[in-house]
Amino acid sequence: MTADEVITRLGRPIPPEDRFRIEAFIHDVTALVQDYCGSRYQENAPGVRAVICGEVIRWLAVQPGVISERVGDMEVQWGAAGTQTLSAAAREGLRPYRRRFGSIGLYRV
């Protein structure tokens, strides 16, 4: 995943100084996806790439420290919680790439 791929999907030009931020977000999201899926997933799988890109765009849209915003009567809630986690939609999109757990029957001979 590259910053150019994110910018293409974003659909608007970005200031040159934001490119470093995008690259850092790609690195962070990729690490979270690896932690969530385990070591057996394929980073180049189209679904994984789409999730990484979508999460980077989501992170770009939120100001640091903002928990929620409201337009009617303008309300902003600030807090320590950040957006640097995988969203529920991202976790759902990664489900097919996640390691499946199972059980193994053991028999005494």
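Reader: Before anything else, what counts as a helix or a strand here?

Author: Helices and strands are DSSP runs, with at least four residues for a helix and at least two for a strand, numbered from the N terminus. Please note also that this is a predicted model.

Reader: Okay, so which pattern does the protein follow along the sequence?

Author: Read from start to end, the pattern is α-α-α-β-β-α. The secondary structure thus comprises four helices and two strands.

Reader: How much of the protein is buried?

Author: Of the 109 residues, 28% are buried. The accessible surface amounts to about 7,900 Å², and carbon and sulfur atoms contribute 55% of that surface.

Reader: And the contacts? What share links residues 24 or more positions apart?

Author: Among contacts with a separation of 6 or more, 61% join residues that are 24 or more positions apart.

Reader: Let's look at α1. Which residues are buried there?

Author: Helix α1 spans residues 3-10, and its residues Ala3, Glu5, Val6 and Ile7 are buried. Their cover includes α2 and α3, the latter being residues 46-61.

Reader: What follows α1?

Author: Gly11 follows α1, and the phi of Gly11 is positive, near 80 degrees.

Reader: New topic: where does Thr30 lie?

Author: Thr30 belongs to helix α2, which covers residues 18-37.

Reader: Is Thr30 buried or exposed, and why?

Author: Thr30 is classed as buried because its relative accessible area is 10%, and the cut-off for buried is under 20%.

Reader: Which residues is Thr30 in contact with, leaving aside its neighbours within four places in sequence?

Author: With those neighbours set aside, Thr30 is in contact with Tyr41, Glu43 and Ile52.

Terms used:
Residues numbered from 1 in each chain as written. Predicted model: local features only at pLDDT ≥ 70, side-chain atom pairs only at ≥ 80, totals over all residues. Heavy atoms only, no water. Buried < 20%, exposed > 50% of the residue type's maximum accessible area, 1.4 Å probe, protein only. Contact = heavy atoms within 4.5 Å. Areas by Shrake-Rupley, 256 points an atom, 1.4 Å probe, with all protein chains shown as cover.
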